[in-house]
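Reader: I work with computed models every day, but I would like to get better at reading one slowly. Could you walk me through this one, feature by feature?

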Amino acid sequence: MRVTVVSRSGREVIKGGVELGDSATVGDLQEVIYARTKKYYPSRQRLTLPVQPGSIGRPVILSSKKALRGYCDGNEDNLTVVFKDLGIQVSYRILFFWEYLGPLIIYPAFYYLPLYKYFGYEGERVIHPAQTYAMYYWCFHYFKRIMETFFIHRFSHATSPLSNVFRNCAYYWTFGAYIAYYVNHPLYTPVSDLQMKIGFAFGIVCQVANFYCHKLLRNLRGPEGSGGYQIPRGFLFNIVTCANYTTEIYQWVGFNIATQTVAGYVFNIVAAGIMTDWALGKHRRLKKLFDGKDGRPKYPRRWVILPPFL
Ligand SMILES: NC(=O)c1ccc[n+]([C@@H]2O[C@H](COP(=O)([O-])OP(=O)(O)OC[C@H]3O[C@@H](n4cnc5c(N)ncnc54)[C@H](OP(=O)(O)O)[C@@H]3O)[C@@H](O)[C@H]2O)c1
């Protein structure tokens, strides 16, 4: 069969098209595109079917494991696909590693190093127990996330655009510095001992619960990340779709009860907003995948992320 590969502006990406066998998969086509262009390796390519004039909705994305014939729709000899360059790709593990490494280094730097003299504070710094515990709590959290990235999560997406590394690092590193600056500040006023203990104890419980949620998610997939999306079950997943996000939000609430800074609460609200948006998408996807039709199980009634509100 002949496959014509065009860019979104209609320009031919491979001059004269590509000739492939009848049983060729989308993955085979991607390999040929890479061999011919020498630039666009498979994970950099997004192939879609052309959108018919006047039609609304998103274009169909070709799955690399599927046979090209499955996308032919009647004409078995010719297929046109639309190519998009997704840009330089990095693995999800690399992306997560870099975004978490920043806060893991920046926060202790504010605690240990005499940085505040560069902000005009020359005097001796008195370090409160709350600041010490906060530093350990913070480092434990980001160390845990790096460990989970490498040893727990079974990602389905192999790669992400390099530009996301810069975007995500900007988010995590800036917030890390913003919170570290205020919690370790020489003029920081700690909360009462009881409030600090309640905050950290609650936060640690939520971090352990968050780890357990990640273990449950891990068990939904095979070792190579195979198995697609399943209905998460057990523990808090019996009540909330994104129990891992719920426990993540609450562990930051615990940190903020114990340290009480505007910076910490701002981060908490922004992170909760981002995770709520993602949780709504994940909840919708699970409801669509498990619709109870044609033998598929029906997704049980659950809160999305923050019961009893959402
Ligand atoms: N503070 C913040 O701003 C913030 C923001 C986001 C996340 N986080 C933290 O980072 C953690 C990881 O974030 P994330 O967004 O990568 O989490 P996630 O997508 O909910 O899940 C983590 C892993 O489980 C897999 N998974 C999720 N639902 C699944 C299902 N129904 N069936 C099979 N596998 C499933 C995911 O696969 P896929 O590879 O297919 O997605 C991913 O590998 C969060 O749980 C949270 O603790 C913090």
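Author: Gladly, and let's begin with the ligand. This is a predicted model, and in it 28 residues surround the ligand. The closest are Ser156, His214, Tyr229, Tyr245 and Glu248.

Reader: Which side chains have a polar atom beside an oxygen atom of the ligand, and at what distance?

Author: The idea is to look for pairs of N or O atoms within 3.5 Å. Here, the side chain of Tyr229 places an N or O atom 2.4 Å from an oxygen atom of the ligand. For a polar side-chain atom of Tyr245 the distance to a ligand oxygen is 2.6 Å, and for one of Lys282 it is 2.7 Å. As for cover, the ligand taken alone exposes 870 Å², and the protein buries 93% of that.

Reader: What is the shell around the ligand made of, by class?

Author: Sorting the shell by class gives 16 nonpolar, seven polar and five charged residues.

Reader: And which helix gives the most to that shell?

Author: That is α7, with six residues. Helices α2, α4, α5, α6 and α7 each supply at least two residues of the shell.

Reader: Let's take α4, then. How does its reach from end to end fit what is expected?

Author: The check is to set the distance between the end C-alpha atoms against a rise of 1.5 Å a residue. With 22 residues, α4 reaches 32 Å from its first C-alpha to its last, close to the 32 Å expected.

Reader: Which residues of α4 are buried, and what covers them?

Author: A general idea helps here: an α-helix has 3.6 residues a turn, so residues three or four places apart point the same way. The buried residues of α4 include Asn168, Tyr172, Phe175, Ile179 and Val183. Their cover includes the strands β5 and β6, along with the helices α2, α3, α6 and α7.

Reader: How does α6 do on the same kind of check?

Author: Its 17 residues should span 24 Å at 1.5 Å a residue, and the end C-alpha atoms of α6 are 24 Å apart, which agrees. Burial tells you about its setting: 14 of the 17 residues of α6 are buried, so this helix is largely enclosed by the rest of the structure. Just after α6, Gln260 takes a positive phi of about 50 degrees.

Reader: You listed His214 among the closest residues to the ligand. Where is His214 found, and is it buried or exposed?

Author: His214 is found in helix α5. It counts as buried because its relative accessible area is 8%, and the cut-off is under 20%. To see its neighbours, leave aside those within four places in sequence: the contacts of His214 are then Lys144, Glu148, Ile152, His153 and Asn244.

Reader: Let me follow two of those. What does Asn244 touch?

Author: Asn244 is in helix α6 and is buried, with a relative accessible area of 11%. Apart from residues up to four places away in sequence, it touches Asn210, Cys213, His214, Leu217 and Phe237.

Reader: And where does Lys144 lie, and what is it in contact with?

Author: Lys144 lies in helix α3. A charged residue can be worth a check for burial, and this one is buried, at a relative accessible area of 9%. Beyond its neighbours within four places in sequence, Lys144 is in contact with Gln207, Asn210, Phe211 and His214. Its side chain makes a polar contact of 2.6 Å with that of Asn210. Lys144 and Phe211 are 67 residues apart along the chain, yet their C-alpha atoms are separated by 8.3 Å.

Reader: Turning to the backbone, which residues other than glycine have a positive phi?

Author: Lys38 is one of them, with phi near 60 degrees. Lys38 is found in the loop between α1 and β3 and is exposed, with a relative accessible area of 67%. Phe235 is another, with phi near 50 degrees. The loop between α5 and α6 holds Phe235, which is partly exposed at 38% relative accessible area.

Reader: Which residues does a cis peptide bond join?

Author: For that, read omega: at about 5 degrees, the bond joining Pro307 and Pro308 is cis. Pro308 is in the segment after α7.

Key:
Residues are numbered from 1 along each chain as its sequence is written. This is a predicted model: local features need pLDDT of at least 70, side-chain atom pairs count only at pLDDT 80 or more; totals for chains, interfaces and linings use all residues. Side-chain values use heavy atoms; hydrogens and water are left out. A residue is near a molecule or strand if one of its heavy atoms lies within 4 Å of it. A polar contact is a pair of N or O atoms within 3.5 Å; within protein, one must be able to donate a hydrogen and the other to accept it, and residues adjacent in sequence count only if both atoms are side-chain atoms. Accessible areas come from the Shrake-Rupley method with a 1.4 Å probe; for residues, only the protein chains shown count as cover. Helices (H or I, at least four residues) and strands (E, at least two) are DSSP runs, numbered from the N terminus. Ala, Val, Leu, Ile, Met, Phe, Trp, Tyr, Cys and Pro count as nonpolar, Asp, Glu, Lys and Arg as charged, and the others, Gly among them, as polar. The expected span of a helix is 1.5 Å times one less than its number of residues. Buried means under 20% relative accessible area, exposed over 50%, partly exposed in between (1.4 Å probe, protein chains only). Contact means heavy atoms within 4.5 Å.
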